[in-house]
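Visitor: I should like to learn how to read the features of a protein model. May we go through some of them in turn?

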Amino acid sequence: MAAEYDHGSDVSLGERLRSSRRASFVGRSAELAVFDAMLAADRPAFGLLWVHGPGGVGKTALCGMFAERARAAGRPVHVCDARDADVTREGLRAALGEPVPGQVTIVDTFERCAPLETWLRDSVLPDWPADGLLVVSGRRRPDERWLGDVGWQPLLRTLPLRNLRPDESRDYLRARGVVGVRQEQVIEFTHGHPLALSLVAEMLAQGRPLPPVCPEQEPELVRILLERLVEHVPGARHRSALEVCAHVRVTTEETLAEVLGGEDAAELFAWLRDLSFVEHGPHGAYLHDLARDVLDADLRWRNPHEYRRLHAAARAAALRRVQATDGPRQHRALLDFLFMHRNSPVMRNYQDWESFGVVHTAPASPQVLPELLSMIERYEGARSAALAGQWYRRQPWAFTAFHDADGEIVGFEGTLSLHEASPEDIDADPATRAAMAFARRHGPLRPGDQVLYHRFAISRDAYQGVSPSSNMFAVAAFRRWLVTPQLAWTFVALSDPDFWQPMFDYLNMPRVPEADFEVGRRYGVFSHDWRVEPPAAWFDLMEERELEDVRADGATSAARPPAAAAPPALVVLSEPEFRTAVRHALRNYTRLDVLAASPLLRSRVTVDRAAGARPRPEDLQRVIAEAAETLRGNPRDEKLYRAVHRTYLKPAPTQEQAAEVLGLPFSTYRAHLGAGIDRIGAWLWLRELSGPEPVQT
């Protein structure tokens, strides 16, 4: 039997659409409050409400709610979409209609009307009803002529539209049936962008798996989002500029010129600044979070080779600025350099990227020392605070305070220069005593070597947890690693080493239990011997790890290169040990079997010569021959070269015969040979310390 049809339940299709939209609308409480206050006022404080934001952020949905509330308040409402109007004066006037008193007029997609803004402002709106309200919604901000007109300043209210807050995103996803862990995955990917939330929720509703939600796993999702975010790119150079902006922390004309080359950086930067999803800060332009993620992921998926090239160029530019600048400019360059790690599956767990750069640093003055010591005492106890105070008296420059935007101290770090500390001070602190004992056992210091100990790291609110302050621990550490000359050792002490272990594995800084210590609690220590892995080799390793991106199924993304062979382990010799090894290698220059056991085969001077391959005895032979050849650069030293050559490189049967071949008295020959050996040892030692381009002496 057929069910009886209830004619009383009939509603219009339009009403059903509005009801559905109301049910799915979440958030925007602040924006709706502004509109409601306008509706409730007898005489609104402003007559033009300008809503702007990137594509897909929910402008049209918000305008729909404005219309609903205006109708509920008894206001006449007129809604038009500029996509349906001719972009002419006549077309826009027709779309706007003739307003009646108290009317709320809403114009969506107003970016299409940009050529008519001046006409609208100067010729149309002056005749608008004084109690009427015009809502303009589009991707563009009002141009500067609106904001610079003293007459319009009190009548215009701008309303920038941003992503939904996490709680609002959860409400929306819950209404779409997305709950539990998936909800958090979706929010992490979309950053609360309404269009992205809607698209991902739809994909989940269709049963399409997203474990986890990553842009690289869904090229179609990336394509859809890109179409909405970037509809009209003038040319290939503009697309490249957009990809640079998506990859780096902050974009300037200088950044574009360094990464892309060419002479059009100013033009490209001006174009970037005008995009609705590009934000402006005091130090440059940066992308809306979702636009950054989507565009960066798209290039990585679509053109891995170009992605690697862009990454290398942007990274090199940031590194150059770190090493060539100081003060605030160097600090910003350090943030740029560290930002290269944000996509690492490891590092994304150990940096608070949302607050990256919001805390700034300043030397810890004596006036703030009591506040810093109280933080230490709160988390680590009185003895640790006393040790920090003692170190501050010895090395006040070692302590850096972290300040928030209001100037409050939110944390600090203390990095000690142990090469400048007295034996008594080192022995007084269990941490530094254990570290220096470890260094002496595993790589004694050589003249000029520097040792840094990241001894104290405190966040006011999170101790040593991930926080805005922990971001600054990393910035301060990287700065010292990048700019300290002849850095030999670095040590880092942390109270929860197990938590931080994956990050330090990523940084190639192994845990060294021999250097662990107790001061009220047990601390774990990580270290790096920069003579074993010099900065240049470490930078290369970091660049590869910055690009690592392993999918959930364990496969490696196309952007990740095949794993390189592990570099040979270096041996660190003191200068006397090194000189002895050089003399032994000279005496056995022609015996490859003996050279194979030489400690020089694992020293930097030979490993550099092997250019990444495992060094062979033949490589050590070439190093010695190159060192001997340096004696021929000065005519006065030619006699030294001849003595070495006839004794070791092309040896005579005995030293007496070598002296005879050279036509020298034996005592003179021995003096030349000794001087030559010393000069070769000195040249190789300098190369061991400074790398493959030693200063000639």
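Guide: The dialogue below takes up a helix, the cavities, the aromatic pairs and some single residues. Please keep in mind that this is a predicted model.

Visitor: Let us begin with a helix. What should the residues of helix H20 span, at 1.5 Å a residue?

Guide: Helix H20 runs over residues 430-442, which makes 13 residues, and at 1.5 Å a residue they should span 18 Å. The C-alpha atoms at its two ends are 18 Å apart, so the model agrees with the expectation.

Visitor: Which residues of H20 are buried?

Guide: First, the general idea. An α-helix has 3.6 residues a turn, so residues three or four places apart point the same way. In the present case, the buried residues of H20 are Pro430, Ala431, Thr432, Ala434, Ala435, Met436, Phe438 and Ala439.

Visitor: What is found at the start of H20?

Guide: There, a side-chain oxygen of aspartate 429 comes to within 3.0 Å of the backbone nitrogen of alanine 431.

Visitor: I should like to turn to empty space. How many cavities of 30 Å³ or more does a search of the whole structure find?

Guide: The general idea is a simple one. Rolling a probe the size of a water molecule over the atoms shows where empty space is left. In this structure the search finds three cavities of 30 Å³ or more. The largest cavity has a volume of about 310 Å³. It is lined by 20 residues, of which Phe473, Ala474, Val492, Met503 and Phe504 are the closest to its centre.

Visitor: Which elements give two or more residues to the lining of the largest cavity?

Guide: They are strand E11 (450-459), helix H21 (468-483), strand E12 (487-494) and helix H22 (497-506). H21 provides the largest share, with six residues. By class, the lining of the largest cavity divides into 15 nonpolar residues, four polar and one charged.

Visitor: What is the volume of the second largest cavity, and which elements give two or more residues to its lining?

Guide: Its volume is about 50 Å³. Among the residues that line the second largest cavity are Val248, Arg249, Thr255, Ala314, Arg321, Asp336 and Met340. Helix H12 (253-260) and helix H15 (304-324) are the elements that give two or more residues to this lining. The largest share, four residues, comes from H15. The lining of the second largest cavity has seven nonpolar residues, one polar and three charged.

Visitor: Next, the aromatic rings. How many aromatic pairs does a search of the whole structure find?

Guide: A pair of aromatic rings is described by the distance of the centres and the angle of the planes. Here the search finds 28 aromatic pairs. For phenylalanine 337 and phenylalanine 539, the ring centres are 6.4 Å apart and the planes stand at 75 degrees, so this pair is edge-to-face. The pair links distant parts of the chain, 202 residues apart: phenylalanine 337 is in helix H16 (residues 327-339) and phenylalanine 539 in helix H23 (residues 535-546). Both phenylalanine 337 and phenylalanine 539 are buried.

Visitor: Which aromatic pair is stacked, with 25 degrees between the planes?

Guide: That pair is formed by phenylalanine 399 and phenylalanine 456, at 6.0 Å centre to centre. Phenylalanine 399 lies in strand E9 (residues 399-403) and phenylalanine 456 in strand E11, so the pair ties together parts that are 57 residues apart in sequence. Phenylalanine 399 counts as buried at 3% relative accessibility, and phenylalanine 456 counts as buried at 2%.

Visitor: Which residues form one aromatic cluster?

Guide: Phe337, Phe478, Trp481, Trp530, Trp538 and Phe539 form one such cluster.

Visitor: Finally, some single residues. Is proline 115 buried or exposed?

Guide: The reasoning rests on a cut-off: a residue is buried under 20% relative accessible area and exposed over 50%. Proline 115 has a relative accessible area of 67%, so it is exposed. Proline 115 lies in the loop between strand E3 (104-108) and helix H5 (117-124).

Visitor: Is isoleucine 680 buried or exposed?

Guide: Isoleucine 680 counts as buried, at 0% relative accessibility, and its place is in helix H30 (residues 666-690). The C-alpha atoms of isoleucine 680 and isoleucine 624 are separated by 7.9 Å, although these residues are 56 residues apart along the chain.

Conventions
Residues numbered from 1 in each chain as written. Predicted model: local features only at pLDDT ≥ 70, side-chain atom pairs only at ≥ 80, totals over all residues. Heavy atoms only, no water. Expected span 1.5 Å × (residues − 1). Buried < 20%, exposed > 50% of the residue type's maximum accessible area, 1.4 Å probe, protein only. Polar contact = N/O pair within 3.5 Å; in protein donor to acceptor, adjacent residues only side chain to side chain. 1 Å grid on protein atoms, 1.4 Å probe; cavity = no way out; pocket = protein on both sides within 12 Å on 5 of 7 lines; lining within 4 Å. Points joined across faces, edges and corners; volume = space filled by probe spheres on them. Nonpolar A, V, L, I, M, F, W, Y, C, P; charged D, E, K, R; others polar. Phe/Tyr/Trp six-rings, centres within 6.5 Å; stacked < 30°, edge-to-face > 60°.
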